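Me: I would like a close look at one part of this protein, and then the rest set around it. Please keep it plain.

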Amino acid sequence: MADERVSHWEGVYREKDDSQLSWHQDDPSISLELCDMAGVHSGSSVIDIGGGTSRFAARLIEKGLRDVSVLDLSEAALDRSRRHLKPASDQIKWIAADVTTWTPSRSYDLWHDRAVFHFLINADDRAAYIDRLRRCLRPGGHAIIATFALDGPEKCSGLPVVRYDPQGLSEVLGDAFSLVAERRHMHPTPWGSAQSFQFSLLRMGQ
Ligand SMILES: C[S@@+](CC[C@H](N)C(=O)[O-])C[C@H]1O[C@@H](n2cnc3c(N)ncnc32)[C@H](O)[C@@H]1O
C-alpha cells in the first residue's frame, strides 16, 4: 500500500503542473486566517503535512516565521516546491516521508494539513496519523485540518476519500483535541469547478 501511495503521488507531480491539480490554490487565505486565530507568530514552529506544492509555507516565511517544515511523501513535489518557492524555500525544512510511518524527532506549535487526512480510508492509517499528530504537537499546540466536507467530492486525485464535518473530525481525533473554530470553503479548482472543504482549528490539551 505504501509503495502504491508513493507511486501514485510521484506520478501526479511528474505529469501535471500546478494548473492541472484540482486542489491548487494561489492564496491559502483560510489557513492563514486560522493561523492568526491560533496565535501563530514569528517565533512559532509550523509543519505542513502533505504540503505538496502549496504556497502555505512560503507565505509563513514571508510573514517572518523562521521555523517552518514541509513533509510530503512525494520527492517530485518537494523538488518542485523547492525550486518554485525560492528564495523562501532555502529557509524551509523539507521532509520526505509518509506521515503514517514517519518518526517525528521534535515538537511543533502548529500542525497544518490541507487535503491529506481525508485520504486515510482505513482505521490503522488514521490511528498512525493521530499518533504522529499527538507526538508532534506541543501541549496546548494547534492543528488545522482541512478535508472535503460532507457535501464535497467522494474522490480526490482519483483516490477515494473520507468526508468530514468539524464535529465528525473531532470525534475521530479523540478527546485530546478541542474544536476552536471551523470554516466552510468552496474551493474553486483551477478550471472553475467547486469543491466543498471544511477547515477545523483544533487545540491539543495540556
Ligand atoms: C491533495 S494534495 C494537497 C497538497 C497541499 N496540502 C495543498 O493544499 O496544496 C495531497 C498531498 O499529500 C501528499 N500525501 C498523500 N498522502 C500522504 C501521506 N500518507 N504522507 C505524506 N504525504 C502524503 C501528496 O503527495 C500530496 O502532495
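How many other C-beta atoms lie within 10 Å of S157?

Reply: This is a predicted model, in which local features need pLDDT of at least 70 and side-chain atom pairs count only at pLDDT 80 or more, while totals for chains, interfaces and linings use all residues. Residues are numbered from 1 along each chain as its sequence is written.

S157 has 15 other C-beta atoms within 10 Å, so it is partly exposed. On the scale used here, a residue is buried with 20 or more other C-beta atoms within 10 Å of its own, exposed with 12 or fewer, and partly exposed in between, the C-beta atoms being placed from the backbone. S157 sits in the loop between β6 (155–156) and β7 (159–160). Helices (H or I, at least four residues) and strands (E, at least two) are DSSP runs, numbered from the N terminus. The phi of S157 is positive, about 55°, although the residue is not a glycine.

A115 also has a positive phi, near 70°, and is likewise a residue other than glycine. Its loop lies between β4 and α5. A115 has 21 C-beta neighbours inside 10 Å and therefore counts as buried. A third backbone detail is the cis peptide bond from K86 to P87, with omega near 5°. P87 belongs to the loop between α4 (75–84) and β3 (92–96).

The loop of A115 follows on to the sheet. Strand β4 (residues 108–114) has seven of its seven residues buried, so the rest of the structure largely encloses it. Two strands are taken to pair if DSSP finds at least two bridges between them. β4 pairs with strand β1 (residues 45–49) in the parallel sense over four bridges, and I47 stands opposite W111 of β4. β4 also runs parallel to β5, joined by six bridges, with W111 opposite A143 of β5. Together, β4, helix α5 (residues 123–136) and β5 form a right-handed β-α-β unit. Right-handed means that, with the strands pointing away from the viewer, the path from the first strand over the helix to the second runs clockwise.

Pairing continues from β1 to β2, which run parallel with five bridges; V46 has V68 of β2 as its bridge partner. Another right-handed β-α-β unit is made by β1, helix α3 (residues 56–62) and β2. β2 is in turn joined to β3 by five bridges, again in parallel, and D72 stands opposite A96 of β3. The chain gets from β2 to β3 through α4, in a β-α-β crossover that is right-handed.

Several of these strand residues return in the largest nonpolar core, which has 44 residues, with V46, L110, W111, A143 and I144 having the most contacts inside it. A nonpolar core here is a set of buried Ala, Val, Leu, Ile, Met, Phe, Trp, Tyr and Cys residues joined through C-beta atoms within 7 Å. Strand β5 (residues 137–148) gives this core its largest share, six residues. Apart from it lies another core, of five residues, including Y13, L73, A77 and L78. In soluble globular proteins, nonpolar side chains tend to be buried together.

Contact between two residues means C-beta atoms, placed from the backbone, within 7 Å. Leaving out residues up to four places away in sequence, I144 touches S31, L34, L110, H112, F199 and L201. A146 is in strand β5 too and, with 27 C-beta neighbours inside 10 Å, counts as buried. With the same exclusion of residues up to four places away, A146 touches D113, R114, A115, F197, Q198 and F199. The loop residue A115 is thus one of the contacts of A146.

R114 appears again at the ligand: of the 21 residues around it, W9, G50, G52, S54 and R114 come nearest. A residue is near a molecule if its C-beta atom, placed from the backbone, lies within 6 Å of it. This shell divides into 10 nonpolar, seven polar and four charged residues. For that count, Ala, Val, Leu, Ile, Met, Phe, Trp, Tyr, Cys and Pro are nonpolar, Asp, Glu, Lys and Arg are charged, and the others, Gly among them, are polar. α1 (2–15) and β2 (67–72) each supply at least two residues of the shell.
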